[in-house]
Number of protein chains: 2
Amino acid sequence: MLKAIQNLGCSSSGWLLWKTRTSTSTSTSTSGGFSFISVSTRPFSYSSSSSSSSTRAARTNNCSFSACKTPSFRRFRARSESSPDAASASSSSPVALQSSSSGNVRKISFCQWCGGPTKHEIPSGEEKMRAICTVCGKIAYQNPKMVVGCLIEHDNKVLLCKRKIQPSYGLWTLPAGYMEIGESAAEGAIRETWEEANAEVEVLSPFAQLDIPLIGQTYIIFLAKLKKPQFSPGPESSECQLFALNDIPFNSLAFSSMFVTLNLYIEDVKAGKPKFHYGTIKKRPGTSPSDIHAFTLDYHLQS
Amino acid sequence: MLKAIQNLGCSSSGWLLWKTRTSTSTSTSTSGGFSFISVSTRPFSYSSSSSSSSTRAARTNNCSFSACKTPSFRRFRARSESSPDAASASSSSPVALQSSSSGNVRKISFCQWCGGPTKHEIPSGEEKMRAICTVCGKIAYQNPKMVVGCLIEHDNKVLLCKRKIQPSYGLWTLPAGYMEIGESAAEGAIRETWEEANAEVEVLSPFAQLDIPLIGQTYIIFLAKLKKPQFSPGPESSECQLFALNDIPFNSLAFSSMFVTLNLYIEDVKAGKPKFHYGTIKKRPGTSPSDIHAFTLDYHLQS
């Protein structure tokens, strides 16, 4: 079975290149040690047995980021990888700050409903460690958070915001933030765009869902358009700017999710048809969690 | 502007019918008081001004559930509407149990990190009421939860599970449950399918994202197939069964989300092409939250 580990690089023009290593066999579609595929082949199932049907392969292996003309592979310096608006929406959340894939359940020391001390056990009938109140018995479940945002198309350009807050201060991002209770994902994406870019937008279609299990986040990105050709930096942005696709600052992006989203978008624009993309961003073992380019994009599925 | 309020009904064959009321004008595509559209036209933007561009309309108004041949509209009896596996994954979660769109922040009385009492205020720079610890100052953010599941295709049939737990005991659902920290949505959907139907599946493509703002949930459903033609009820199911599309028990489904998902699937099968669907399930004002058919499907977007 092919074991693909993809190191993400970028040519000077901003196009992507995926470097693929094979553990047991030589990958197809390689060129000089590089392969233009974006999907690892770990079985996408609950069991540990290997599996890779032709159907799944056909649906997952057709993303190439193949616009890279020259294999000028290089790595970027490490940068902070965290939530897009940790300072405003969930900075104190244990989910937002967790650094391991199992969550930080042990940091939950008290019941938020009755104030009783918690114990940390696997409840009967479950498989995961939970914080259970020793007084009222309630369980403090933790679940991943959704980050919702807009990829705004305007005159063949896309709107980016330069962050005026940590993490990733001074780096560029699509307007995005945590989805709130009481709103839909699209409403949240529109709200975040208003807050970060003072831009009124209309959502056109869903574009991407990118899970990041390590930090308990799922990015939901919509294609959108400006209702009025007006925008300006909100409180969390120092600058908002429309970028032509060739001018997107790929070496100054704030988050892996934005890096992937913008490249998928460019790929779709070149193909002439927007799709919906699903994928999982997994940090490569042994790399710094702050390096936004040291990841694999697993299980890239399209609709 | 058309204000569509859709009452969901079902003919004896299980096909859907949407009843649409107009507030200021007569809807197009109506027939005897019924309209085969599935999208309300409330502006999909952050501002309160009306907007409905041709682009958005074109992308949103093409879902019809039009397979309904006879307008035998009828309402179903009210049933419980809640999380698909509240008993096992998040039954004690304030999000899972909340009944208002603003969340139940006032039920958070203590800080889960230091045990201090909380106050309920809108933090500086924010717009929503939060529970803030009066001792350590941390904010207990609440965010919507993702419910992940599989729509499993096998021999032109789909796999459903009859629930052996509350809510919706004895009613049919796709295998689904809360996404856990540390897993991707697809991994979670596969896990839930294993837990509820003892079925090993392979995810084929993303199929639907359905937000339910009222209860702070987002359903993420994948198309999947059985890796082996074997399944049996897990601990939370009393029965698992493959249903031909004409035999799906639409009058005995557990959740609005499943009702919508299965109908969108049938629509796509008839059209010969699976799509990705995004939409918001909103309860109709004045109806019981336990009535899974009393809702509008807003902002149906497809990719």
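## A tour of chains A and B

Begin by selecting A:Gln142, which counts as buried because its relative accessibility is 10%, below the 20% cut-off for buried. The model is a predicted one. A:Gln142 sits in a loop of chain A, between β7 (139-140) and β8 (145-154). Now add A:Asn104 to the selection. The side chains of A:Gln142 and A:Asn104 make a polar contact at 3.2 Å.

**Next stop: strand β12 of chain A**

Select residues 201-212 of chain A, which form strand β12. How many of the twelve residues of this strand are buried? The count is twelve of twelve, and the strand is described as mostly covered.

Keep β12(A) on screen and add residues 217-226 of chain A, strand β13. The two strands pair in the antiparallel sense, over ten bridges. To see one of these pairings, pick A:Gln209; its bridge partner in β13(A) is A:Ile220. Then look at the turn: β12(A) and β13(A) form a hairpin, with four residues between the strands. One residue to label in the turn is A:Gly216, where phi is positive, at about 65 degrees.

Now add residues 277-283 of chain A, strand β15. In which sense does β15(A) pair with β12(A), parallel or antiparallel? The pairing is parallel and runs over four bridges. Pick A:Leu210 to find an example: its bridge partner in β15(A) is A:Gly279. In general, strands of a sheet pair through backbone hydrogen bonds, in either a parallel or an antiparallel way.

**Next stop: helix α5 of chain A**

Select residues 256-271 of chain A, helix α5. Use the distance tool on the C-alpha atoms at its two ends, which are 23 Å apart. This agrees with the expected span, because 16 residues at 1.5 Å a residue should cover 22 Å. The helix is mostly covered, with 13 of its 16 residues buried. Step just past its end to A:Gly272, which takes a positive phi of about 85 degrees.

**Last stop: a sheet in chain B**

Move to chain B and select strands β5, β6 and β7. These three strands form an open sheet in the order β5-β6-β7, with antiparallel pairing. Which strands lie at the edges? They are β5 (118-121) and β7 (139-140) of chain B, each pairing on one side only. Zoom in on β5(B) and β6(B), the latter covering residues 130-133: they pair in the antiparallel sense over four bridges. Finish at B:Lys119, whose bridge partner in β6(B) is B:Ile132.

Conventions. Residues are numbered from 1 along each chain as its sequence is written. Chains are lettered from A and ligands numbered from 1 in the order in which they are written. This is a predicted model: local features need pLDDT of at least 70, side-chain atom pairs count only at pLDDT 80 or more; totals for chains, interfaces and linings use all residues. Side-chain values use heavy atoms; hydrogens and water are left out. Two strands pair if DSSP finds at least two bridges between them. The expected span of a helix is 1.5 Å times one less than its number of residues. Buried means under 20% relative accessible area, exposed over 50%, partly exposed in between (1.4 Å probe, protein chains only). A polar contact is a pair of N or O atoms within 3.5 Å; within protein, one must be able to donate a hydrogen and the other to accept it, and residues adjacent in sequence count only if both atoms are side-chain atoms.
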